[in-house]
Amino acid sequence: MLLGLTTALVATACFGFGSVFQARGARSAPRADRVQVGLLAALLRSWQFLLGTALDIGGFALSIVALRSLPLFLVQAVTNASLAVTALAAVWLLGARLRRGDLLGIAAVVIGLTLLALGSGREGREHAGPVFHWALLATTVLMLLLTFLLARRAGNAAAAGLGLLAGVGFGVTSLAVRVLDIAGPADVFTDPAAYALALGGLGGYLAYALALQRGTVTAATAAGTVTETFGPALVGVAALGDAARPGYAWSALTGFAVAVGGTFVLARFGEVEAEVAPDARQPLAAATEAPARPR
């Protein structure tokens, strides 16, 4: 459990710092009214977005270790707490300011994760039946179709919808990593969960980039946090046998709720900075609108 928890925390740091650079890259790209190759090309020309993506990839690789050794509800809560790292990274790297609410959010995340780690038991099953694997792939395909439709809309409602879809994609990747059959190289190519893993990750990044261009940080992040954190956690408990330590269910439930609550508080961090920033600091304010992408 120690190895899994350590890799989850390091992955959270990668996600938090990566979000600062990734959001800057997404904001600097021309606004896209639909899914098109030009948007992807613009993002690939942005070194900030590439650096943020590289950190995300490193974080994802570390999270695989955690997902194979810890309950899903613990890993999802830890990695989504990267908003606290994002806030601190923006202060250090971009000169942003923390307000009382931000400090309370960070404190809630730390306390919640401590209680969650105390109450977490061993992970459940690492394998599921073929129906579960195909359901993951079907969910990913539906997420991609809805992303294409919402990409034609603008405003906070579209941003929230795209953020929710990004959370679905990233949540599917977590579940796919957990149940993926890695008995042999050939088995991976015949497992629907492997395709769900790839399509869910790519589709989640696309939906996330589109959401950042269309609405507020809160609209894009809060919806994604709900789907990515609660969805896999519930599936892990209901279908894969994840559970709290005997006698510590109260600690796990309280910690999960407090950590997610702190994440919601921190979702407004970038928006508050943008509201109070003078004109000379507008590029900086835009950069601080850097939510940790739903994972």
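Reader: Read along the sequence, what pattern does the protein chain follow?
Author: This is a predicted model, in which local features need pLDDT of at least 70 and side-chain atom pairs count only at pLDDT 80 or more, whereas totals for chains, interfaces and linings use all residues. Residues are numbered from 1 along each chain as its sequence is written, and side-chain values use heavy atoms, with hydrogens and water left out. The secondary structure of the protein chain comes to 14 helices and zero strands, where helices (H or I, at least four residues) and strands (E, at least two) are DSSP runs numbered from the N terminus. Read in sequence order, the chain therefore has no β element to interrupt the helices, and its pattern is α-α-α-α-α-α-α-α-α-α-α-α-α-α.

Reader: What percentage of the residues in the protein chain is buried?
Author: A residue counts as buried under 20% relative accessible area, as exposed over 50% and as partly exposed in between, with a 1.4 Å probe and protein chains only. Of the 295 residues in the protein chain, the buried ones make up 53%.

Reader: Is Leu210 buried or exposed, and how far is Leu210 from Ala154 in space, C-alpha to C-alpha?
Author: Leu210 is found in helix H10, which covers residues 192-212, and Leu210 counts as buried because its relative accessibility is 0%. Although Leu210 and Ala154 are 56 residues apart in sequence, their C-alpha atoms are separated in space by 9.6 Å.

Reader: Is His133 buried or exposed, and how far is His133 from Tyr195 in space, C-alpha to C-alpha?
Author: His133 belongs to helix H7, residues 130-150, and a relative accessible area of 7% is why His133 is buried. His133 and Tyr195 are 62 residues apart in sequence, and the spatial distance between their C-alpha atoms is 9.7 Å.

Reader: Which elements give two or more residues to the lining of the second largest pocket?
Author: A pocket is an open set of points on a 1 Å grid, where a 1.4 Å probe fits, with protein on both sides within 12 Å along at least five of seven lines, and its lining residues have an atom within 4 Å of a point. About 240 Å³ of space lies in the second largest pocket, the volume being the space filled by probe spheres set on the points. The lining includes Phe73, Phe230, Leu234, Asp242, Ala249, Leu253 and Phe256. The elements that each give two or more residues to this lining are H11 and helix H12 (249-266).
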